[in-house]
Amino acid sequence: MAMIFTKPSMRTRVSFETGFVLLGGHALYLGPDDIQMGKREETRDVARVLSRYNDIIMARLFAHQDILDLAKYATVPVINGLTDYNHPCQIMADALTIIEHIGQLEGTKVVYVGDGNNIVHSWLSLASVIPFHFVCACPKGFEPDEKTVEKARQTGISKIEITSDPKEAVRGADVVYSDVWASMGQKEEAAYRLQAFQGFQAGSFVGVRILLSVLNDVVLFTPGAPYPNEGFWSEGCVFGGSAMVLVRAPRDLTETGLELVDKALMELAGPQAHFMHCLPAERGVEVTDEVIEAPNSIVFPQAENRMHVQNAIMLHVLGL
């Protein structure tokens with residue numbers, strides 16, 4: 001199996017590679033510099049060449065069109081390991097995890113709190129074939145793709161809600177689900193997203209750590225520290241030799257009103273609610289340590305199930 005990665009990932013690589021080895025196969029990792037698909041070589045050529053060497057192609061990509069082109073021109077099965085539009089393997093693992101811990105997916109209430117991203121699009125696809133109650137609670141301007149929402153609603157299979165009120169959304173939830181607010185390829189928007197997602201955290205806020213992959217240094221904000229520009233870091237400030245975009249960092253971080261997926265939000269959901277996260281998690285940003293380490297967190301069984309689900313997918317596409 002050829003594994004194409006334009007987006008690096010620990011879980012996707014290890015789960016696919018380990019899983020395929022356990023099935024008796026051999027998985028070949030092709031990183032961003034190995035192919036440079038679409039730059040050094042056209043996607044359609046990559047698809048046809050790799051099809052002559054491999055029995056399966058798995059790809060974790062940025063542009064969704066690239067996975068469609070691979071599937072169009074390949075003569076072997078192509079597995080979508082993730083694109084900016086969707087993440088089907090993750091949601092199949094999520095469904096298995098819910099079945100294991102709740103007993104069934106049908107009829108459950110799943111509430112996603114965060115950005116209306118590729119995870120949400122895949123939940124909407126699942127809601128098109130299995131009946132359950134899906135709610136996406138996201139800030140205005142960060143809603144999932146309208147056509148994807150409408151397509152899922154038109155099937156009439158599931159109850160689907162899009163809201164900007166996370167506290168109301170989680171009431172009675174069987175699952176509260178979160179994800180990072182700035183995915184890979186969106187880190188330049190991290191400061192803007194941090195501000196936009198105030199009120200969408202899953203945990204109590206005791207300090208902020210903002211990690212921007214575009215910086216050479218990790219910048220830590222601590223309450224009471226002196227900040228320029230009346231308590232805020234201003235656009236264009238340079239720290240450690242790295243240019244920084246606009247980041248709001250008040251002197252008293254406890255007054256920001258930021259609210260993670262935290263204990264209080266989970267209590268609103270009720271004692272029956274499980275917490276899920278597709279990982280990696282930025283603890284203290286979209287979720288607190290307390291929530292992710294709580295007894296009702298099923299984050300790590302969820303991560304394990306990536307491998308089991310993907311093994312089933314690989315056996316299926318091989319006709320075994």
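Leaving aside its neighbours within four places in sequence, with which residues is Phe-132 in contact? Select Phe-132 in this predicted model and display what surrounds it: beyond those sequence neighbours, the residue is in contact with Leu-105, Gly-107, Thr-108, Val-110, Trp-123, Leu-126, Ala-127, Ser-158 and Lys-159.

From there, widen the selection to the nonpolar core to which Phe-132 belongs, the largest in the model, with 24 residues. Phe-132 is among the residues with the most contacts inside this core, together with Leu-105, Val-110, Trp-123, Phe-134 and Tyr-177. Colouring by secondary structure shows where the core residues come from, since two or more are given by each of helix H5 (88-102), strand S5 (109-113), helix H6 (118-127), strand S6 (133-137), helix H7 (146-155) and strand S8 (175-178). Of these elements, H6 gives the most, with 6 residues. A second core, separate from this one and made of 19 residues, can be selected next through Val-261, Leu-265, Met-266 and Val-291, which are included in it.

Return now to H5 and place a distance between its end C-alpha atoms, which are 21 Å apart; because 15 residues at 1.5 Å a residue should span 21 Å, the helix agrees with expectation. Show the side chains along H5 and pick out the buried residues, which are Cys-89, Gln-90, Ile-91, Ala-93, Asp-94, Ala-95, Thr-97 and Ile-98. In an α-helix, with 3.6 residues a turn, residues three or four places apart point the same way. Just after the helix, select Gly-103, which follows H5 and has a positive phi, near 115°.

Move next to the beginning of the chain and select strand S1 (residues 2-5), where both faces are covered: Ala-2 and Ile-4 are buried on one side, and Met-3 and Phe-5 are buried on the other. Adding strand S3 (residues 57-60) to the view brings in a parallel partner, joined to S1 by 4 bridges, and within this pairing Ala-2 has Ile-57 as its bridge partner. Strand S2 (residues 28-30) also runs parallel to S1, with 3 bridges joining the two, and here the bridge partner of Met-3 is Tyr-29. To follow the connection, trace the chain from S1 through helix H1 (residues 10-22) to S2, a β-α-β crossover that is right-handed.

Two individual residues make useful further stops. Is Glu-150 buried, partly exposed or exposed? Select Glu-150 in helix H7; its relative accessibility is 37%, and therefore Glu-150 counts as partly exposed. A C-alpha to C-alpha distance drawn from Glu-150 to Leu-124 gives 9.5 Å, although the two residues are 26 residues apart in sequence.

Then go to Ser-297, in the loop between helix H12 (289-292) and helix H13 (299-317). This serine counts as buried because its relative accessibility is 13%, which falls under the 20% limit for that class. Not counting residues up to four places away in sequence, Ser-297 touches Phe-275, Val-291 and Ile-292, and Val-291 is one of the residues already selected in the second core.

Finally, zoom out to the whole chain, which has 13 helices and 13 strands. Buried residues make up 51% of its 320 residues, while the surface that the chain exposes comes to about 14800 Å², with 53% of it supplied by carbon and sulfur atoms. Among contacts between residues at least 6 apart in sequence, 69% join residues at least 24 apart.

Methods
Residues are numbered from 1 along each chain as its sequence is written. This is a predicted model: local features need pLDDT of at least 70, side-chain atom pairs count only at pLDDT 80 or more; totals for chains, interfaces and linings use all residues. Side-chain values use heavy atoms; hydrogens and water are left out. A nonpolar core is a set of buried Ala, Val, Leu, Ile, Met, Phe, Trp, Tyr and Cys residues joined through side-chain atoms within 4.5 Å. Buried means under 20% relative accessible area, exposed over 50%, partly exposed in between (1.4 Å probe, protein chains only). Contact means heavy atoms within 4.5 Å. The expected span of a helix is 1.5 Å times one less than its number of residues. Two strands pair if DSSP finds at least two bridges between them. A crossover is right-handed if, with the strands pointing away from the viewer, the path from the first strand over the helix to the second runs clockwise. Accessible areas come from the Shrake-Rupley method with a 1.4 Å probe; for residues, only the protein chains shown count as cover.
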